[in-house]
Amino acid sequence: MIFYFSGTGNTRWAAEFLAQKTNEPLFFIPEELKGNCSYTLADGERIGFCFPTHGWQPPHIVRQFIAKLHLQNAEGHFCYALTTCGDSIGKTMELLNDDLHRAGLPEATSLFTLIMPESYVCLPFMYTDKPEREQEKINTSTKQLEQFTDLILQRKSNEVHTVKGIAPWVMSHVIGAYFNTRMISDKKFTVDADSCIHCGKCQQACPTGDLLFDGSLPTWQHNDSCTCCLACYHHCPRHAINYGSITRQRGQYYFGHRK
């Protein structure tokens, strides 16, 4: 079975590819959190975790799910993890395995990173990739995903194909800790009423159900369910949604938007 989270679609693309090739069921973490998160593994079934890196850490919704997850018949099963990111992951996978260990679950023995088009644009130095770079990343990741899938199909343990970047401990435990503690919030989202066409695409795109739309202007619930994945921002056809003022001049991206 494959458990995944995705906001702008990069990880969903990878998870769906893996599910098709492994012929194993795919579970969307926000939906699974509505239940008891208890599953029984079939003999020989793989355990996969697929998620984007958020601030050099696993997204808090993934960590929340792992803390609640209970797997029957898990001992001895091959477990792997794949994370997508725009640049590097720091110590994301070590944090994931720490969470799995605390939850009494099998740790991921094979770890994979896919460098995908950038979608986080809420800091002064962060922008979406230019079209050429975006396509280059997708082309490269497509080839890598096929290679990673072969390793997963063979249940190859101790395969580590990650991109930690510079100063990974500092990025995850200092900068990433601050980011994920202090900067994950829906309180800075705003809507330009003059630009909004009331299409509801923002609500449809929100993976956690944090965004409400009654035919007027979208609103956010401020109930800590937001992961700051920016799916609402990127899917708005009129660029009417912004995060504070910094994203007004930034680009938009979601997987498949150029097709």
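This report describes the sheet, its helix packing and the nonpolar cores of a predicted model.

## Sheet architecture

An open sheet is built from 6 strands, arranged in the order 2-1-4-6-7-8 with parallel pairing. Its edges are formed by strand 2 (26-28) and strand 8 (160-161), each of which pairs on one side only.

At the strand 8 edge, the partner is strand 7 (residues 110-115), and the two pair in the parallel sense over 2 bridges. Within this pairing, V160 of strand 8 lies opposite L111. Helix 5 (residues 131-153) packs on the sheet, where strand 6 (79-85), strand 7 and strand 8 are touched by this helix. The direction of helix 5 makes about 165 degrees with that of strand 7.

## Strand 4 and its partners

In the strand order, strand 4 stands between strand 1 and strand 6. Strand 1 (residues 2-4) runs parallel to strand 4 and is joined to it by 3 bridges; here F3 has F49 as its bridge partner. On the strand 6 side, 6 bridges make the connection, again with the strands running parallel, and C50 stands opposite L82.

Strand 4 is mostly covered, with 6 of its 6 residues buried. In a regular strand, side chains alternate between the two faces of the sheet. Both faces of strand 4 are covered: one side carries I47, F49 and F51, the other G48, C50 and P52, and all of these are buried.

## Nonpolar cores

The largest nonpolar core comprises 30 residues. Those with the most contacts inside this core are F3, I29, Y39, F49, F65, L69 and L71; F3 and F49 are also the bridge partners that link strand 1 to strand 4. At least two residues of the core come from each of strand 4 (47-52), helix 3 (60-68), strand 6, helix 4 (92-102) and strand 7. Helix 3 gives the most, with 4 residues.

I29 illustrates how this region is assembled. Apart from its neighbours within four places in sequence, I29 is in contact with F3, Y4 and F5, as well as with I61, V62 and F65. A second, separate core has 21 residues, including Y4, A14, C50 and L114. Strand 4 is thus represented in both cores: F49 belongs to the largest one, whereas C50, on the other side of the strand, belongs to the second.

Technical notes
Residues are numbered from 1 along each chain as its sequence is written. This is a predicted model: local features need pLDDT of at least 70, side-chain atom pairs count only at pLDDT 80 or more; totals for chains, interfaces and linings use all residues. Side-chain values use heavy atoms; hydrogens and water are left out. Two strands pair if DSSP finds at least two bridges between them. Contact means heavy atoms within 4.5 Å. Axes are lines fitted to C-alpha atoms, for helices over the stretch in contact, and angles run from 0 to 180 degrees between N-to-C directions. A nonpolar core is a set of buried Ala, Val, Leu, Ile, Met, Phe, Trp, Tyr and Cys residues joined through side-chain atoms within 4.5 Å. Buried means under 20% relative accessible area, exposed over 50%, partly exposed in between (1.4 Å probe, protein chains only).
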